[in-house]
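The following paragraphs lead the reader through one structure. Please keep the sequence and the three-dimensional view at hand while reading.

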Amino acid sequence: MMEILDILVSATFWTAVIRIMSPLLFATMGELICERAGVLNLGIEGIMVVGAFAGWMAVYSGLGLWPGVAVAMLSGMAFGLLHSTLTVPFGLSQHVVGLGVTLLATAATYFTYRLALPQVSSPPRIQPFTEWPVPVLSEIPVIGPAVFSQTPLTYLAYAVAALTAWVLYRTPLGLALRAAGENPAAVEAQGLSVVALRMGAVILGSGLMAVGGAFLTMSAFNSFFFEMVNGRGWICIALVVFGAWRPGKAALGALLFAAFDALQIRLQQTGLGQHVPYQVFLMLPYALSILALVVMSRRAEVPAALMVPFNKGAR
Amino acid sequence: MRLEPIPNPTLGRRLGPPAAALGVTVLFAMALAWVAGADPLAVLGLIVKGAVGSKFALLETLNRATPLIFTGLAVAVAFRAKLWNIGAEAQLYLGAVVTVLLGTGALSWPAPALLPVLGLAAALAGALTLLGPAWAKTRLGVDEVVTTLLLNFIVLLFVSYLLEGPMKDPMGMGWPKSRRLIAEARLPRIVEGLRLHWGFALALIAAVLVWLVQTRTTFGYAMRAVGHNARAARFAGIPVTSVTLATALLSGSLAGLAGFSEVAGLKGNLTLDLSPGFGYTGIIVAMLALLHPLGVVVAALFVAGIFVGADSMSRAAEVPSYIADMLLASALLLVVLALPFTRFRLRWR
């Protein structure tokens with residue numbers, strides 16, 4: 001028990017928590033935007049892979065870090081365009097299209113990787129984003145180094161989460177977007193286009209997922225390797241449910257999840273790790289996500305028109 | 001833009017769009033080959049030759065198709081009832097685990113008694129793996145897409161633990177692999193001298209059985225009714241919850257059999273790379289087959305041929321074998337896109 005307490009009060013632990021949370025925050029907000037507009041985006045896992053690769057590849061081929069983030073975002077948006085074209089105007093199964101987009105995006109990434117770097121055994125590293133401590137704030141004990149001594153991409157993640165909450169609940173656009181996911185016929189009656197709103201939400205959301213992926217290569221691991229996204233996309237879908245489709249709660253969920261993930265990594269190195277196989281620790285985050293889903297699904301208010309294609313003129 | 005139903009679609013109307021989708025897929029593959037700097041036609045030729053060009057290639061394709069028929073059936077059965085089972089990978093692995101658990105000497109029976117028991121046990125393991133998420137779906141309203149997906153990761157870590165711990169082969173030179181099955185637990189070859197095991201025949205039988213169940217039984221009718229409109233089905237007196245759970249048992253056991261067939265028929269032991277994503281590829285197989293059980297056999301052969309052919313092609317030409325994955329994922333999306341056009345026409349108004 002003392003070991004766990006020691007871990008929980010250390011600043012390095014919380015720094016790691018925020019670092020683990022950042023990519024989840026981007027992707028969870030991206031998924032949340034899609035789902036609030038009524039579209040389940042199962043392309044998330046593959047889009048994160050694309051983003052991770054595109055951002056890394058852009059920097060590796062000589063682009064700056066921020067242009068690299070932009071490239072990642074655009075590549076995610078391209079797959080978002082594909083997803084939304086099939087699911088919104090054509091109204092195809094969001095499950096099947098989403099899985100198809102994940103498979104296609106992952107395959108496209110691996111294919112391009114092999115084409116671009118045919119002979120490498122270990123992928124080249126890039127110069128990643130470096131920590132940029134916020135003056136004054138970063139000197140607060142424990143919280144300072146954890147929250148305000150991160151890379152700029154983490155600050156961008158905070159901003160994206162705050163902006164998502166603000167736009168969804170405080171602007172006419174957000175109202176229209178939420179309405180598209182609750183009662184699309186009413187949106188259409190107001191003279192707004194459900195198709196445009198939903199497609200826009202999926203494209204923007206997919207862009208954010210890709211930036212989440214790019215965080216992994218540009219701010220965490222400094223390199224791209226296969227399987228690096230490793231189910232994070234699916235976990236973000238669980239986080240959206242856990243957060244009851246609200247940005248604030250979902251962000252809190254991402255923080256809790258990250259804390260748990262950071263804790264299990266550290267517990268592997270303690271006395272407990274010598275008795276329990278390391279696979280059990282690695283399973284915990286996935287098991288926790290399932291548990292969170294089971295607990296939260298009962299009273300969650302699912303957007304009423306989630307996964308319901310909108311067909312103008314149909315009754 | 002809207003879709004307008006066509007009252008009585010002609011045969012050409014029903015077959016044209018999917019055929020066009022496959023045509024576009026082939027063009028896409030040629031474009032990829034061209035991007036990779038190879039001669040598109042030569043690449044296509046190499047893929048076909050690598051898939052069916054020799055007796056060896058053909059047998060390799062049939063072997064690769066075997067697990068895909070099982071996982072494709074598992075997905076087709078579940079998707080037909082709108083049960084989104086994305087966890088065939090996990091079900092396959094647990095089927096394989098049980099096969100190894102019982103088949104490495106725990107039961108030393110003669111083959112005719114042992115093999116059916118192993119198959120049934122593997123099917124049961126797969127079925128129980130899906131029962132949890134299906135139960136959570138029907139009872140608690142938990143979306144099964146995410147639970148089955150996350151279970152894949154948990155089960156793979158569990159298998160990794162087994163292979164490094166209790167099930168590790170002491171003679172395995174430290175590699176994480178299980179002991180080999182005893183001779184009685186191995187599925188024999190269909191024809192002596194040809195590298196094709198009885199798992200393939202079993203897969204074909206399973207496809208026919210699933211087809212019979214779906215088209216000739218009340219349960220099959222209930223499954224389709226639940227998938228088509230669960231509310232209407234409930235109104236018509238169909239016990240939707242039990243039908244969903246029974247569908248999960250059927251789907252999971254089919255995926256579990258894939259694990260049994262791979263271990264007992266092909267590999268002889270369990271390793272962490274037993275399945276290069278057969279569970280996920282099963283989704284492509286099922287969708288290309290339009291969820292038809294007999295179509296699954298054709299689709300699995302096609303998909304297996306693409307994989308085997310692309311592997312062989314990438315050794316000859318400088319095109320990454322991931323071209324197969326791209327080709328199949330785009331085929332999936334294109335076929336799904338093509339389907340509405342068999343019954344609707346597009347109106348730009």
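In this predicted model, the residues that line the largest cavity are Leu99(A), Thr102(A), Leu103(A), Trp234(A), Tyr280(B) and Ile283(B). Two elements each give two or more residues to this lining: helix H5 of chain A, residues 94–116, and helix H11 of chain B, residues 278–288. The largest share, 3 residues, is that of H5(A). Sorted by class, the lining comprises 5 nonpolar residues and 1 polar residue, with no charged residues. The volume of the largest cavity is about 40 Å³. When the whole structure is searched for cavities of 30 Å³ or more, 1 is found.

Attention may now turn to helix H2 of chain A, which covers residues 11–36. How far apart are the end C-alpha atoms of this helix? They lie 35 Å apart; since a helix of 26 residues should span 38 Å at 1.5 Å a residue, the two values agree. Along its course, H2(A) bends by about 30° at Ser22(A), and the proline Pro23(A) follows within four residues.

The surroundings of this helix can be described as well. Of the 26 residues of H2(A), 21 are buried, that is, under 20% relative accessible area; the helix is therefore largely enclosed by the rest of the structure. Just after H2(A) comes Gly38(A), a residue that takes a positive phi of about 105°.

Conventions
Residues are numbered from 1 along each chain as its sequence is written. Chains are lettered from A and ligands numbered from 1 in the order in which they are written. This is a predicted model: local features need pLDDT of at least 70, side-chain atom pairs count only at pLDDT 80 or more; totals for chains, interfaces and linings use all residues. Side-chain values use heavy atoms; hydrogens and water are left out. The expected span of a helix is 1.5 Å times one less than its number of residues. The bend at a residue is the angle between axes fitted to the seven residues ending there and the seven starting there. Buried means under 20% relative accessible area, exposed over 50%, partly exposed in between (1.4 Å probe, protein chains only). On a 1 Å grid over the protein atoms alone, a cavity is a set of points where a 1.4 Å probe fits but cannot get out, and a pocket is an open set with protein on both sides within 12 Å along at least five of seven lines; lining residues have an atom within 4 Å of a point. Grid points are joined across faces, edges and corners, and a volume is the space filled by probe spheres set on the points. Ala, Val, Leu, Ile, Met, Phe, Trp, Tyr, Cys and Pro count as nonpolar, Asp, Glu, Lys and Arg as charged, and the others, Gly among them, as polar.
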